[in-house]
Each structure stands twice: as C-alpha cells, then as structure tokens.
Amino acid sequence: MLDNTKKRIVIIGATSAIAEHCTRLWSTDKTVELVLVGRNAEKIKQLAMDLKVRSPQSTINEITANFTQASDINALVENIASNGKLDLVLIAHGSLPDQQECQRNLNTCTDEMVINGVSPVLIAEAFAGYMEKNNSGTLVVIGSVAGDRGRKSNYVYGAAKGLVTRYVQGLQHRLANTNVNVVLIKPGPTETPMTAHLKQQGAKLASVESVAEEIVNGIEKGKAVIYTPSKWMVIMMVIRHLPRFIFNKMDI
Amino acid sequence: MVRVSSWGGLDNFEHHVSYLSNRDDVTQQLANRKFNGLAHGMGKSYGDVCLNPNGQLWSTTGLNRFISFDEHTGILKCESGVLIRDIQQLFVPRGWIVPVTPGTQLITIGGAIANDVHGKNHHVLGSFGDHVQKIKLLRTDRRIIECGPELEPEWFSATVGGFGLTGVIVEVELRLRPVPSAWVDVENIPYDNLEDFFKLADESEKDWEYTVSWIDCLSKHGRGIFMRGNASKTSEQIVQSKKKVTIPFLPPISLVNKLTLRPFNTAYFHKQKYQAGKQHVHYEPFFYPLDKLLKWNRIYGSKGFYQYQSVIPRNVGADAVQEMLNQISRSGEGSFLAVLKTFGNRESIGMMSFPQPGVTLALDFPNKGKKTTKLLESLDAIVREAKGRVYLAKDARMPRDLFESGYPNLQKFLQYRDSGISSALSRRLIGN
C-alpha cells in the first residue's frame with residue numbers, strides 16, 4: 001500500500017555521521033517515511049532503533065545494499081522508487097582514502113574512485129530518471145570542498161568528488177525547467193568517524209551537528225550549492241583562484 | 001596527540017584520543033589500547049577526573065544513539081554518550097524529564113553516572129544513580145558486565161560515582177519521570193545570614209522539590225538568595241529564545257577579580273532582592289542558567305580556575321560554612337558563582353558518590369597560583385575537622401589524606417577497578 005500523505009525520505013549511506021544527523025533533524029517529532037540504505041545491516045538496525053525513539057510515528061524501512069555495481073544500483077533504486085514517492089533523496093556514502101596508499105596501489109585507487117565518485121553519480125542518475133518522470137522531489141548529493149581543486153594531500157578523493165561536482169552541475173542544468181531540485185553539499189573537514197585520524201593530527205574540524213543543521217536549512221531555503229561551514233565558500237574561492245606558482249609552493 | 005583540558009582550564013595535556021562511535025566496536029577499541037585509557041565525555045568536570053595525560057582517552061560523544069523508550073514505564077535505553085540536553089529536548093515536550101540534573105545539561109549520561117551528579121532536588125530524588133536501572137559496562141579485558149540495583153549490585157555501586165575507573169559505560173537504562181509541563185513555579189527569597197538560610201532550607205524541604213541558594217561569598221554573615229521551586233502544572237506559550245552567546249576569547253587575566261567581584265555581588269544581591277517573589281520560569285533557564293553563555297570558563301582568564309565543593313555533616317554544618325566564608329572573605333578571593341544547598345537525609349547508592357547528608361558549598365576561585373592553593377588548603381582544614389568530603393568531579397588538588405578520610409569505602413571500591421584504566425585523578429589520589 002502506498003502512503004501518499006507522509007513525506008518519504010531516502011538516505012543512501014544512512015550510517016554516515018552527516019547523514020545520520022540530517023535524518024535526525026528531518027524526522028524528530030515529525031511523521032515521515034524513512035528509507036535507510038547502508039552497507040552494514042547491524043549499523044542500519046542501530047540507526048533505525050534510534051530514529052524510532054526520536055520519531056515514534058514514522059515508518060522506517062531498512063535496506064542493506066552494495067553501491068558499486070551498476071546492476072545492483074539499478075535494482076536498488078527501482079525497488080525503492082516502486083514502493084512510494086521520492087520527496088527527498090540524500091546520497092551520502094563515501095570514504096576518506098589514504099592518498100599515499102592510492103598512489104602505491106592502483107586497486108585501492110580504483111576502489112576509492114568508485115565509492116566516492118562513480119557510485120554516487122550512478123545512484124543519482126538512477127533516481128533522477130524516476131524523479132524527472134514524476135516531476136517532483138529534491139535530490140541531494142554530498143560532495144566535498146576537496147573537489148574544488150586538486151591538492152597533493154588528497155587528490156584521489158578530490159578527483160572523485162570533483163566528478164560528483166561536475167555531474168551535479170550537469171544534472172542541475174538538465175532538470176532546471178522541472179520541479180525537481182538538485183542540491184550539491186560541500187562539507188569542509190567535519191568531525192566524524194571518517195576523519196578521526198585528522199583530528200588526532202590536530203586538525204580543527206566542524207561539529208557534525210552544526211554541519212547537518214546547515215545542510216537541512218540550506219535545502220529548505222532552496223540553495224543549489226551548500227558549503228558547510230559556510231566559511232569554506234570563501235576559502236575555496238581563494239584556493240581555486242590562487243595562481244599556480246603560489247599554489248605549488250603550498251604544503252596542503 | 002590532541003591537547004585536552006578540563007572545564008577548569010588549569011592546564012592542558014597531550015592525549016592519544018580514539019573516538020568511540022559504534023557500540024559493537026567498543027570492546028575491540030578498548031583491547032587495542034597502547035596505553036591505559038579513560039572514557040571522556042564532554043569534559044565538563046572541573047579538575048583532573050576526566051584527564052589522562054599522555055595516555056589514551058576514549059571519547060564517548062559519538063555513542064549518542066537512543067535504543068528504546070517505553071512510554072508506559074518511562075524507561076529510556078540509550079548509549080552512554082547521549083547528552084542530558086538530547087533527552088530533555090526530546091522528552092520534556094512528551095511529558096517526561098531526566099529526574100536529576102546538575103547545573104549544565106551539556107554532559108553525557110556516562111559522565112553523569114561516573115560522577116553520580118546531583119541537582120536541586122536531592123532531598124526528594126537523591127542523585128543521578130538512583131534513577132539508573134541498568135548499566136552495560138565494558139572492561140578492558142573484554143569482559144561485559146551488566147549491572148543494576150538488583151543485578152550485580154556491588155558492581156553497580158562501584159560504577160555509580162566510580163569516576164570511570166571500573167570500566168567503560170556503553171549502554172544505560174534510565175528511568176525518566178513524568179512532568180506536567182516544561183515550566184517551574186519558582187520563589188526567590190533573600191536571606192541576610194546563614195541562620196536564615198538553614199531555616200529556609202528546612203522549612204522548604206517538605207513542600208518544595210527544588211531548593212538551592214546563591215550566596216555572596218564575600219559577605220560576613222552569608223547573605224544570599226534562596227530559590228525554591230516545583231514543577232508547574234501550567235504551560236506558557238512564550239517561545240524560549242535559542243540565542244546563545246560565546247565568550248569570544250581568553251583574556252590574559254581573570255575578569256573576576258578584587259575590583260569587579262564585590263560590586264558585582266552587591267549589585268546582584270540587591271537586584272534579586274528587589275525582584276524577589278514568585279515567578280514562572282521555563283526549565284532551561286531554571287536548571288541551566290549558564291548554558292546560554294558558551295565557554296563561560298574563559299572569564300577566569302588563561303590561568304583557569306579551581307572549583308571547591310565540599311559537603312559538611314549537618315551537626316557542624318553552620319559553623320563550618322561560617323568559618324569557610326570567614327576565610328574566603330578575609331582573603332578577598334572567591335567568585336560570583338557560589339552555591340549553598342542542603343542535601344537530603346539519605347545515603348548515596350555509589351560507594352564513592354559525593355552526596356551525603358549535610359550542607360554543600362560550591363565556589364569558584366580564579367587561579368592565582370600559591371595564593372589560591374593556600375586558601376584552598378585552609379578550606380581543606382575546615383572540611384577535615386568537620387569530617388566532610390570534597391567532590392571529585394570538581395577537584396584538581398586535594399591532598400590524599402583528605403580523599404581517604406572523606407571516602408571511607410575506597411578500599412572496597414578498589415576491588416572493582418579496571419587495571420587498564422587510569423586517570424590523572426587516580427594517579428594523584430590512589431597512586432596508579
């Protein structure tokens with residue numbers, strides 16, 4: 001039975017810290033339908049239990065899936081799209097690779113390119129088709145400030161996220177005359193399990209609660225690109241425009 | 001390595017920090033330690049109870065998931081890094097409240113248990129541990145201990161108020177309490193001396209759930225404002241301002257000093273006296289007046305501050321408090337933040353819990369080196385003589401003999417200690 005009254009929210013990579021905190025904001029004390037998709041069934045289960053306490057009236061569906069094969073992605077998205085409407089889709093999965101390891105090992109490099117670049121793009125493409133047909137919904141993809149300019153410390157991750165940036169740009173162009181909104185999120189370094197080793201090295205990280213709040217508010221306001229924390233918009237503008245002879249001297 | 005300091009900001013130290021974020025992975029993370037470790041929540045305790053310099057810290061704030069809630073019994077099961085704030089914000093509108101809460105809600109449930117924190121309603125509801133039904137404790141040797149008031153009660157009694165030394169608390173079952181509204185009916189009554197304070201405290205115990213008082217620590221006779229309140233049955237539609245202010249920088253010297261303190265205290269006393277009477281107050285400003293001022297510890301400047309909280313048995317309470325005020329008044333030290341409160345006539349559930357029958361005085365002192373520690377030593381002497389104890393969650397410097405005389409269950413407690421856990425406080429007061 002399709003329930004058309006509740007807002008239906010699909011989260012791909014639901015156990016990622018940013019996605020988890022966005023989902024809390026979208027569901028707490030509201031009645032929504034959540035579709036939580038992740039790779040680890042036990043983690044998805046824990047997430048669903050938490051959300052059930054925060055949002056007892058909501059319907060929560062748990063799906064375990066792999067995100068790398070085109071055929072798996074097709075089946076996953078078809079399954080989700082055929083079971084209800086797509087009001088909000090957040091694509092949030094990813095990993096932060098060890099740049100050195102990617103330079104040494106091309107298999108690692110391939111895996112990281114796929115999980116951070118190709119996979120979110122394929123999932124977005126699959127959802128975009130359904131959303132365009134229904135002429136409604138908001139599709140949100142998490143990119144990164146790292147995608148704005150390649151830097152020696154993490155250009156493999158940066159290249160994958162750059163792929164996401166360019167892809168979303170094109171999709172926004174394609175769907176500009178429809179009722180489908182496409183939003184690109186570019187978080188700066190955020191305090192999550194993915195960045196724990198950066199913090200250990202003394203990096204200043206934004207809190208995941210504040211990042212999630214800015215994402216949720218930005219989507220509400222209808223922004224097309226959301227830098228969070230917002231200071232990164234300025235920082236990346238400077239970094240993108242630095243002349244190469246200066247940029248190449250920087251140890252970043 | 002990450003530099004970590006506690007709320008008092010006396011010092012900061014390098015720590016190896018690992019971040020716990022999945023409850024199923026904690027056992028492995030504890031086993032992987034390279035050094036002895038310590039669970040660390042929001043770091044809101046004042047002294048060194050939450051620090052482990054050059055050792056491992058297990059940061060618990062990523063363990064912030066709820067697990068289940070039974071709306072018939074009010075039993076909430078959650079991970080230990082959930083904040084009191086998270087529970088209050090979600091459940092007060094649904095008619096449930098955390099039964100016992102300290103003066104900040106920005107603390108984890110694990111920290112609230114480990115320090116067995118108390119609040120304004122101690123005489124009615126005891127301390128935090130009295131409302132814990134079950135704890136899941138992980139030991140560094142991979143043992144899992146589930147304990148509660150009836151299940152493994154000795155482990156429970158060691159862990160409640162056990163300042164993190166018995167293992168890492170990962171999951172908790174808490175009994176929330178029904179509350180008719182988010183508001184409190186409050187009455188503020190000025191008092192001119194300690195005798196009046198005790199009279200007010202005694203006569204308020206029966207009919208008022210919340211009692212506390214602000215005391216002007218520079219006044220000779222101990223003038224102050226007595227505050228008492230009850231949960232209100234009526235709500236107001238006023239929307240609470242969510243605005244928070246952050247102290248923007250760390251001043252080189254304490255802004256609380258001889259020039260500012262006396263006029264500030266006098267002005268505050270007279271303002272409150274002028275406004276005394278009955279009020280209808282939202283629970284947030286009532287319980288957590290300082291939470292809107294983020295990083296307020298910065299007002300004490302870069303050298304940080306000590307907090308001194310003691311509890312003195314009631315039979316000598318009035319004299320001992322008077323003597324402490326005399327010492328402080330003579331020194332001209334002290335601060336605006338001074339709290340005087342009577343505890344109820346009940347023993348705590350934890351072997352090492354702080355609350356015991358008597359009167360408790362809590363004061364901040366900007367750190368001025370020797371001058372300050374000397375004053376604190378004179379307060380120690382009064383507490384020792386009166387057979388009182390000093391609160392570990394606030395302490396950074398008490399001498400070992402005062403710790404041992406204040407906490408007679410120490411030897412029994414040590415049987416439950418986890419040998420893979422150590423803190424700055426345990427090394428200072430227990431020796432390892």
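Two residues are in contact if their C-beta atoms, placed from the backbone, lie within 7 Å. The exercises below concern a predicted model.

**Exercise 1.** Determine how many residues of domain 1 of chain B are in contact with domain 2 of chain B, and describe that side of domain 1.

*Solution.*
Step 1. The domain assignment places domain 1 of chain B at 2-60 + 422-429 and domain 2 at 66-179.
Step 2. Under the contact criterion, 18 residues of domain 1 of chain B meet 20 residues of domain 2 of chain B.
Step 3. Elements giving two or more residues to this side of domain 1 are α1 (26-31), β3 (37-40) and α13 (424-429) of chain B. The largest share, four residues, is that of α1(B).
Step 4. By residue type, this side of domain 1 comprises nine nonpolar, six polar and three charged residues.

**Exercise 2.** Establish which element of chain A gives the most to the side that touches chain B.

*Solution.*
Step 1. The contact between the chains involves 13 residues of chain A and 13 residues of chain B.
Step 2. At least two residues each are supplied by α2 (41-54) and α7 (196-200) of chain A.
Step 3. With seven residues, α2(A) gives the most.
Step 4. The side of chain A that touches chain B holds four nonpolar, four polar and five charged residues.

**Exercise 3.** Explain why the radius of gyration of chain A agrees with that of a compact globule.

*Solution.*
Step 1. Chain A has 252 residues, so a compact globule would have a radius of gyration near 18 Å.
Step 2. The value for chain A is 18 Å, and therefore the two agree.
Step 3. As further description, 38% of the 252 residues of chain A count as buried.

Definitions and conventions: Residues are numbered from 1 along each chain as its sequence is written. Chains are lettered from A and ligands numbered from 1 in the order in which they are written. This is a predicted model: local features need pLDDT of at least 70, side-chain atom pairs count only at pLDDT 80 or more; totals for chains, interfaces and linings use all residues. The radius of gyration is taken over C-alpha atoms; the globule rule is 2.2 Å times the number of residues to the power 0.38. A residue is buried if 20 or more other C-beta atoms lie within 10 Å of its own, exposed if 12 or fewer, and partly exposed in between; C-beta atoms are placed from the backbone. Ala, Val, Leu, Ile, Met, Phe, Trp, Tyr, Cys and Pro count as nonpolar, Asp, Glu, Lys and Arg as charged, and the others, Gly among them, as polar. Domain bounds come from an automatic or database domain assignment.
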